[in-house]
Amino acid sequence: MPNEWLDISVPLRNGMVHWPGDPEVKIWRFAKLGQKIGDNVVPCNVTQVDMCAHAGTHMDGPLHFVRNGDGLDTLPFEATIGPARVIEIEDTDSVKAEELKKHKLRKGERILLKTANSKTRWWETKKFNKKFVHISADASRHLVERGVQTIGIDYLSVGGFERDGVETHQILLGAKVWIIEGLDLTQISPGNYDL
């Protein structure tokens, strides 16, 4: 039986793109099978990973931007497990409420936004792109008004680097909308899926 699941997570790799100012992703072999350390021979390979929790594919819980907000440890399973809809965004600057309104978002939906970020293949570089497509503050308010449960986007942040960064996070997380960032939607077509 062919694998019907599609992996939309970004593979972790040493030196991968990360948010400016955050620790760089470092992955290396800490110990090698057969390596002699002192009087002992290492019986297995051991890899060490050092990284910020906001690199690659990750989630934001309310605590990320909301004082005394809930942490990811309170994430209900239904926030990320169940039907989801992938929506393709045409605007190459930011996700705007006007474009989202065409999709008639429903209460409780899990929405993944495929933007121009997916066409640029920025995951394959080490250089952070400050001009990525993000969710504008007005689109964030629309998502909250429509009762969306979870929102995902195809770069490192729902909010922009140069604008809408803090405000977008505060609007979404303040309303307990769960955020998935860093999705790889390059091979995913718009439509309905199981997340």
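**Close-up 1. Strand S11 and its partner S5.** Two strands count as paired here if DSSP finds at least two bridges between them. In this predicted model, strand S5 (residues 58-60) and S11 clear that bar with 3 bridges, and they run antiparallel. Look for His58, whose bridge partner in S11 is Glu181.

**Close-up 2. The other pairing of S11, with strand S10.** S10 (residues 150-153) lines up with S11 in the parallel sense, again through 3 bridges. Here Ile151 sits opposite Ile179 of S11. Helix H4 (residues 165-174) joins the picture too: S10, H4 and S11 form a right-handed β-α-β unit.

**Close-up 3. The side chains of S11.** Which residues of strand S11 (residues 178-181) point which way? Trp178 and Ile180 go one way, while Ile179 and Glu181 go the other. Whichever way they point, all of them are buried, Glu181 included.

**Close-up 4. The largest nonpolar core.** This one takes in 20 residues, and Val95, Leu100, Leu113, Ile135, Leu143 and Ile151 have the most contacts inside it. Strand S8 (110-114), helix H3 (137-146), S10 and H4 each chip in at least two residues. Apart from this core there's another, of 11 residues, including Met16, Trp123, Phe132 and Leu156. In soluble globular proteins, nonpolar side chains tend to be buried together.

**Close-up 5. Around Val95.** Setting aside neighbours within four places in sequence, Val95 is in contact with Ile89, Leu100, Leu113, Thr115, Val133, His134, Ile135, Ser136 and Ala139. Among these, Leu100, Leu113 and Ile135 are listed with Val95 as having the most contacts inside the largest core.

Methods:
Residues numbered from 1 in each chain as written. Predicted model: local features only at pLDDT ≥ 70, side-chain atom pairs only at ≥ 80, totals over all residues. Heavy atoms only, no water. Buried < 20%, exposed > 50% of the residue type's maximum accessible area, 1.4 Å probe, protein only. Helix = DSSP H or I, 4+ residues; strand = E, 2+ residues; numbered from the N terminus. Right-handed = clockwise from strand over helix to strand, strands pointing away. Core = buried A, V, L, I, M, F, W, Y, C linked by side-chain atoms within 4.5 Å. Contact = heavy atoms within 4.5 Å.
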